[in-house]
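Dear colleague,

Please find below the structure I am handing over to you. My findings follow directly after it.

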Amino acid sequence: MKKPIRFYISVLGAKIMIKLMRLMKRNATNLPGEIMLIFYPDLLKHFDMPENVIAVTGTNGKTTVSNMIGNILKANGYDIINNSFGGNVDTGIASLLLDNCTLSGGFKKDTAVLEVDERSAARVLPYVKPDWLVCTNLQRDSMKRNAHTEFIFNILNSNIPEKTKLILNGDDLISSRLAEKNPRTYFGIDRLENENPTLDNLICDIVNCPVCGNKLEFSFRHYNHIGRAKCSCGFSSPDIDFDVKASENNEAVIMHNGNEERYKLPNNRITDLYNTVAAVTFSRTFGLSYEQVAKAMSEVKVVKSRYDSFNAGGKEVLVSLAKGQNPVACSGVCDFIRRESGNKAVIMILEDLYDSKRTSENIAWIYETDFEFLKGDDIKQIIVGGKRADDYMVRLLIAGIDKDKIVCCRNETDTPSHLKPELFDKLIIMYDLFNVESLNSIKEQLKNWR
């Protein structure tokens, strides 16, 4: 089909811009797409997309799941393009497509794996028309960016193409109801042996039945509202196609069509268990065999920007992204910390330095975060860094944490100097994604421990 001349100008102009930016040692992950979408707003609808287009979205876990899926497909011979470098809004996706397309807007590679920001769905999904959409979950996020789960649900629900096959979290009674006429496959995690289901978290994003409005009855919740529930009207969690029955010996035991399948886990956190089963469910439903997926999963690692571990001065150090301004993700890390064995110290650097440039003053999210999970006797120190350290101090005191355990410092990179290594065996660092420079400085200091 003949395309407008502005499309060809956009492609050529973007390729020149990308080449020049890389000569200047810049990543070109967003700006070329941003400029070309201003020049030609209908740009995305005119690409001749690859044979397989997979989109991954959701509040938490979409980066990890899209990278897992990309690695599995590459290991099985698919030639993919993906935005693992970042850029999951329309401008970043436009930059990716402009960089990889031919001058006529086609692609030599057969598969695109696109991480899509859920808020940007209206500007992406109707145009790239994914064959598959994986939604990890829909949960409370930054009030400034994503408002409420129903708001995000409606954006997604209104913009999923009819042809798109869905891979959905059956334990999430919000996202599992997306595009109800589309074909779908559900993944989930059964109540695990020796698991203590979450009963004490502050947030549960769905408490009433979406059909009749009566209160839902949960049989268990892994965290937030993620679990299994039913209502007296007959509404209930859907039947699960890929159901995790156990997590043992760093393996996920998944039941599918009455058969047991085992896959290596990057670690045993419940969130990474969900990410693993999401990637497995897509890959198996896509058509790969159990053997193909299991072999590829044996090589998969969580992206270090999400989770990392190393030793420093004889201490185990765990680093976990807590996603500032996101109370559910931050609460998940607090829950992870309380479940870790041994005596622990915690460094918290949660200020969103990107948003600080726009003078975000709303700190209400910290009062929805389960900092109460950090008041155990096995947590010996909590070092809080940043300009808002005093606000976190107040919140930690409200959570019932002993003031003598808490140290506040204005500079994030000064936090290691306040640690007392004789008190703990394990150090856990919670950080915001836009605080990577501070995190790297802290890691370098720790690696010099003796």
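Phenylalanine 187 stands opposite phenylalanine 242, a residue of strand β9. The model in which this pairing is seen is a predicted one. The strands concerned, β6 and β9, pair in the parallel sense over three bridges.

Strand β6 also has a second partner: β5 (residues 165-169) pairs with β6 in the parallel sense, over four bridges. Within this pairing, leucine 166 has arginine 184 of β6 as its bridge partner. As for its surroundings, β6 covers residues 184-189, and five of these six residues are buried, so the strand is largely enclosed by the rest of the structure.

I would also draw your attention to two asparagines in loops. Most residues other than glycine have a negative phi. Asparagine 224, although not a glycine, has a positive phi of about 45°. Asparagine 249 is likewise not a glycine and has a positive phi, of about 50°.

Where do these residues lie? Asparagine 224 is in the loop between β7 (217-223) and β8 (226-230), and asparagine 249 is in the loop between β9 (242-248) and β10 (251-256). Strand β9 thus appears again here, as the strand that pairs with β6.

Is each asparagine buried or exposed? Asparagine 224 has a relative accessibility of 3% and therefore counts as buried, the cut-off being under 20%. Asparagine 249 has a relative accessible area of 71%, and because exposed means over 50%, this residue is exposed.

Yours sincerely

Note on methods
Residues are numbered from 1 along each chain as its sequence is written. This is a predicted model: local features need pLDDT of at least 70, side-chain atom pairs count only at pLDDT 80 or more; totals for chains, interfaces and linings use all residues. Side-chain values use heavy atoms; hydrogens and water are left out. Helices (H or I, at least four residues) and strands (E, at least two) are DSSP runs, numbered from the N terminus. Buried means under 20% relative accessible area, exposed over 50%, partly exposed in between (1.4 Å probe, protein chains only). Two strands pair if DSSP finds at least two bridges between them.
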